[in-house]
Amino acid sequence: MTNPSLQEQIHTDTENRSNNHSTDDSLDQVITNYIPHSRANGIKTSLTFAWRALLKIKYVPEQLMDATIFPIMFLLMFTYLFGGAIAGSTSDYLQFLLPGILVQTIVTITMYTGIELNNDIRKGIFDRFRSLPIWRPSVLVGALLVDTVRYSLAASIMIGLGLVLGFRPDGGFLGVLIAMALLLIFAFSLSWIWTTLGMIMRTEKALMGVSMMVMFPLTFVSNVFVDPETLPPWLQTVVEVNPISLVVTGIRGSMHGFVTLEDISWVLLWSAIIIVIFAPLTMYLYQKKK
């Protein structure tokens, strides 16, 4: 006669085998019916990272000081401190100055693209992004898209304040739009330089120091503040080949209605040269970064 405890053990083992077999069948069915999710395309992931950058601005609005407060300070300070001495009239000087100071302000804040990237690298967030199954350049493209919003905001504030102070663009609304488009294209291209340096520099302070060392001479030894014809001949030559001067000439000409195709071509050419050199270099460093 079979021992009752032995019968119970046999029954339990049978039930366990049945359950395991059922579980295996369920797993096989799940694996068979599994359809992998399609990988998000570059546009979606770029917009996602752009939204991330916008959220950072939402929770830390002080980041917009460089695009809001500083442009107002620069315009008021240079107009009323130097307008009378340079042009004899603050009103006349404002017509000359605003396009130039607009370029100076926007190209200066382009360095924050590289600074934000450098911060992500130091904090380890960068490595997490690279491990995701996404289009890799979307991390950079998303940040650059939001920076374009920042540039537009700063430019709008300066132009709006300029109109209040008495700035009158002879090129009309269309001329201002063309000037804005040229400026945004050049600023977007310039941002790639700072993303490249953001990959190389070990700290954000080092990156900021290098950017200031580059941008200050370029913006001050240009036609932003004074007419090159008032400068010594040797300095005129330097100013005329300065890419910032070429951009200011295009912006100033567009706003006041005397821009030429050559002026626009120079801005687009310099923007293309910068992108062709630094965009691939940034992506190469991005792929090789450890």
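The following exercises, each with a worked solution, concern a predicted model.

**Exercise 1. Transmembrane annotation**

Determine which residue ranges UniProt marks as "transmembrane region", and examine the spans 138-167 and 264-286 in the model.

*Solution.*
Step 1. The unreviewed UniProt entry places this feature at residues 64-87, 93-117, 138-167, 173-194, 206-226 and 264-286.
Step 2. For residues 138-167, the model shows 93% helix and 0% strand, and the C-alpha atoms at the two ends are 39 Å apart.
Step 3. For residues 264-286, the span is 100% helix and 0% strand, with 32 Å between the end C-alpha atoms.

**Exercise 2. The span of helix α5**

Compare the expected span of helix α5 (residues 112-123) with the distance between its end C-alpha atoms.

*Solution.*
Step 1. Helix α5 has 12 residues, and the rise is taken as 1.5 Å a residue.
Step 2. The rise is multiplied by one less than the number of residues, so the expected span of α5 is 16 Å.
Step 3. The end C-alpha atoms of α5 are 16 Å apart in the model, which agrees with the expected span.
Step 4. Just after α5 comes Gly-124, which has a positive phi of about 90°.

**Exercise 3. The surroundings of helix α5**

Identify the buried residues of α5 and the helices against which they pack.

*Solution.*
Step 1. A residue is counted as buried when its relative accessible area is under 20%.
Step 2. In α5, the buried residues are Thr-113, Gly-114, Ile-115, Leu-117, Asn-118, Asn-119, Asp-120 and Ile-121.
Step 3. These buried residues pack against α2 (42-59), α6 (125-130), α7 (138-165), α8 (172-200) and α9 (204-220).

**Exercise 4. The largest pocket**

Describe the volume of the largest pocket and the residues that line it.

*Solution.*
Step 1. The largest pocket holds about 410 Å³ of space.
Step 2. Its lining has 23 residues; Lys-56, Gln-63, Tyr-112, Glu-116 and Asp-147 are the closest to the centre.
Step 3. The elements α2, α5 and α7 each give two or more residues to this lining.
Step 4. By residue class, the lining of the largest pocket comprises 11 nonpolar, 4 polar and 8 charged residues.

**Exercise 5. The second largest pocket**

Which element supplies the largest share of the lining of the second largest pocket?

*Solution.*
Step 1. The second largest pocket contains about 280 Å³ of space.
Step 2. Its lining consists of 16 residues, and nearest its centre lie Phe-70, Phe-74, Thr-108, Met-212 and Phe-216.
Step 3. At least two lining residues come from each of α3 (65-87), α4 (90-109) and α9.
Step 4. The largest share, 6 residues, belongs to α9.
Step 5. The lining of the second largest pocket divides into 11 nonpolar, 4 polar and 1 charged.

Note on methods. Residues numbered from 1 in each chain as written. Predicted model: local features only at pLDDT ≥ 70, side-chain atom pairs only at ≥ 80, totals over all residues. Heavy atoms only, no water. UniProt positions renumbered as here; feature names shortened; annotations may be inferred. Helix = DSSP H or I, 4+ residues; strand = E, 2+ residues; numbered from the N terminus. Buried < 20%, exposed > 50% of the residue type's maximum accessible area, 1.4 Å probe, protein only. Contact = heavy atoms within 4.5 Å. 1 Å grid on protein atoms, 1.4 Å probe; cavity = no way out; pocket = protein on both sides within 12 Å on 5 of 7 lines; lining within 4 Å. Points joined across faces, edges and corners; volume = space filled by probe spheres on them. Nonpolar A, V, L, I, M, F, W, Y, C, P; charged D, E, K, R; others polar.
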